[in-house]
Amino acid sequence: MIFAIEEINENPNILPNHTLGYEIFNACGFSNILQSALSLSNGQDDVIDELNCTKADTVQAIIGHSGSTPTIGFARITGLFHMPVISHFATCACLSNRKEFPSFFRTIPSDYYQSRALAQLVKHFGWTWVGALSNDNDYGKNGIATFIKAAQEEGVCIEYSQAFESTGSKTSLKNIVDTIRTSTSKVIMAFMSHREIKILVDELYRQNITGLQWIGSDAWITDDSLADSQGHTLLIGSIGFTVRNAQIPGLGPFLQKLNPSQFPKSMFLKEFWESIFQCSLSPNALQRACNGSEHLKYVKHHFTDVSDLRYVNNVYNAVYAIAHALHNLLSCNHQKGPFANVTCAQPTTIQPWQILHYMQTVNFTMNGGETVFFDSKGDSPARYELVNLQNVTKGTTEVATIGYYDAIQPRGQQFTMNNVNITWGGGLRTVPVSVCSESCPLGTRKAVQKGRPICCFDCIPCPPGEISNTSDASDCAKCPFGYWSNSRGDECIIKTVEFLSFTEIMGIILMMLGLLGAFLTMFIFAIFFHYKDTPIVKANNSELSFLLLFSLTLCFLCSLTFIGRPTEWSCMLRHTAFGITFVLCISCVVGKTIVVLMAFKATLPGRNVMKWFGPLQQRISVVGFTLVQVLICVLWLTISPPSPYMNMSYNREKIILECRLGSAVSFWAVLGYIGFLAILCFILAFLARKLPDNFNEAKFITFSMLIFCAVWIAFIPAYLSTPGKFTVAVEIFAILASSYSLLICIFITKCYVILLRPGENTKKHLLKVPH
């Protein structure tokens, strides 16, 4: 402060023709600081120097104190007198309250910003489970409260929060040590002064509690006196914010030229001089007298070390801030003053409240490029260096700047890190881990443990159909329509579209069976056509046989329409083609069965029934039976036709592409009509099974209808209970099985006789009545 005042007095650009003076109070207690503040405010002391001062020593501004609690005490008093108070080290956020402290300013940032910066720092390193310690005073309580609030906003949980004072009881210290020992957090935020931190680490050292990562406030993180504590090694690796370092040109030589003769009333300089040079400035038989040749230029001491001027620079800026406010006040123009209700002043009429108004407009740049100004709360810009305590040696601490924080920048750009190797607490080479619960991996979500903070949670896998593609997700997100979660639950993948394809094994097998059936049917058709004039072909109504073979060919081929990707046309074709071709087929079988019955009745004496069911009637019956089914299908396609449908309800992992029936009543009407004709045919064939004929076709029709009905009766429950593409496979199987049963039972035996037993293919053999 003295250096800055002398520098200003020698500067013709600031307060020309005026000289700044000062009064220094070295108060070591709270009551003394209040007394000093009152003395400075009242100006009741005598005139100091009649040559330079012409009035009592009423000061115009106060610089100090370094502690928040003493500052709070006297700032309230000086505020009543509107006397500016500028602190270089009182950081309590409570001092920003303009209603309580209207005349308070500071050249150090408020703890409000430091606390929030510390919360961002904790979040940056992933520490979500921390302990909090503080001084049991205004500085500690306000600072740690702001930190806890900011930390919770960042998603950080506080395991415990305790406070103590160096002058407090041993019980409070013991409780804190016991809490640290039993806690699970490995990171401790210590918002306290160097006195408390030294007492705490000494006790931790005695009880061998190690492996902790300390985060320090600016009150102790760079304090050289940490080396005096027994447990200082526990603090190696600590990180914290401090004000930015600065250079003050000329301060080093000024300090080296100091001599007790310059300040004979300074008890500090006297004790310092006697301690450094081991001599006495007053007659003392126990110590040699100082001879006047002692010079600080040849002494290496941290007092003359100007490499770290973080808080010294705050004092330097505070003096210049007052000087600029005075300069602006003394050089103002009455007509162009910045305040309507504040008149310009002469040196003999300056009042503190006038300086107070001009302090609010101070804005200047120091020689090093630093801009000094105060916001509406009297606070300076919050700019910090993030430092890492890398070593503690005798009398000094070695810190490295590892990052910066600038509260003026937009959120997200305030905190930056340097590429500097960090020394971590506990001797670790990697970032310590301090979490209540391990991070939840992808594919899981956090579930808070009952009765515990939000940082303590269990990792619950995402349910099917939901994913989490970030760590520590609070909720799982549902996959979009048509997507499903993968096995890990961290990605939505397109659902598999399932349908009976021509390329899969089951589709190929069913397709081959259908084509084989159609080929066999056409082959038998060719045989019957070639042997159409033989008795066995004529005896079995060759016209109905050829129509039946044609319909069976269509039945085999219609099974192919059930294979492949369902479309609008394929869905309508497959069901209607199936219904019509099967009715045509069964109608032919019904006609053949009636012909057998009529033929037997015609052989009885006096009977001529064949005229009632001749070829014309047979054709009409087949067409009539088939037209009924055609009418049902036309109504089905008109009212509510089958259509493609993506079924997502049966299997959530797949999209089952199937044909929606449209009208279920029409579908079951088609099946019911086929069943009705099959049962009718079975009954007629059953009645004719024992007719005395050497080659009774009714027996084979009965057996074929028995298989046909069994297949379709079994089809109904299988169709209703089989999922996805297997539903289609069951339907195809029923079509092929019933078609093969008709083909084999009705035609294979005849082909066997035609091709392998031609001797039995004679009229004589057919008319021979078996015994």
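**Figure 1. A close look at Ser 193 in the loop between β6 (187-191) and α7 (194-206).** In this predicted model, Ser 193 is buried, with a relative accessible area of 9%. Its side chain makes a polar contact with that of Glu 196, at 2.2 Å. Leaving aside residues up to four places away in sequence, Ser 193 touches Asn 135, Tyr 139, Ala 219 and Trp 220.

**Figure 2. Helix α5 (residues 138-153) and its surroundings.** Here is a helix of 16 residues that reaches 23 Å from its first C-alpha to its last, close to the 22 Å expected. At the N-terminal end, Asn 137 acts as a cap: one of its side-chain oxygens lies 3.2 Å from the backbone nitrogen of Tyr 139. Tyr 139 is buried, and the buried residues of α5 also include Gly 143, Phe 147 and Ala 151. Among the elements covering the buried residues of α5 are α3 (68-80), α4 (111-124) and β6. After α5 comes Gly 155, with a positive phi near 85 degrees.

**Figure 3. Two of the aromatic pairs, Phe 3 with Phe 254 and Phe 528 with Phe 747.** The count of aromatic pairs comes to 26. The rings of Phe 3 and Phe 254 have centres 5.3 Å apart and planes at 55 degrees, so this pair is tilted. Phe 3 sits in helix α1 (residues 2-9) and Phe 254 in helix α8 (residues 251-256), 251 residues apart; both are buried. For Phe 528 and Phe 747, the centres are 5.4 Å apart and the planes at 75 degrees, so the pair is edge-to-face.

**Figure 4. Charged side chains over rings: Arg 98 with Phe 105 and Lys 446 with Phe 457.** Arg 98 lies over the face of Phe 105, 4.8 Å from the ring centre. Lys 446 lies over the face of Phe 457, at 4.9 Å from the ring centre.

Terms used: Residues numbered from 1 in each chain as written. Predicted model: local features only at pLDDT ≥ 70, side-chain atom pairs only at ≥ 80, totals over all residues. Heavy atoms only, no water. Helix = DSSP H or I, 4+ residues; strand = E, 2+ residues; numbered from the N terminus. Buried < 20%, exposed > 50% of the residue type's maximum accessible area, 1.4 Å probe, protein only. Polar contact = N/O pair within 3.5 Å; in protein donor to acceptor, adjacent residues only side chain to side chain. Contact = heavy atoms within 4.5 Å. Expected span 1.5 Å × (residues − 1). Phe/Tyr/Trp six-rings, centres within 6.5 Å; stacked < 30°, edge-to-face > 60°. Lys NZ or Arg CZ within 6 Å of the ring centre and 35° of its normal.
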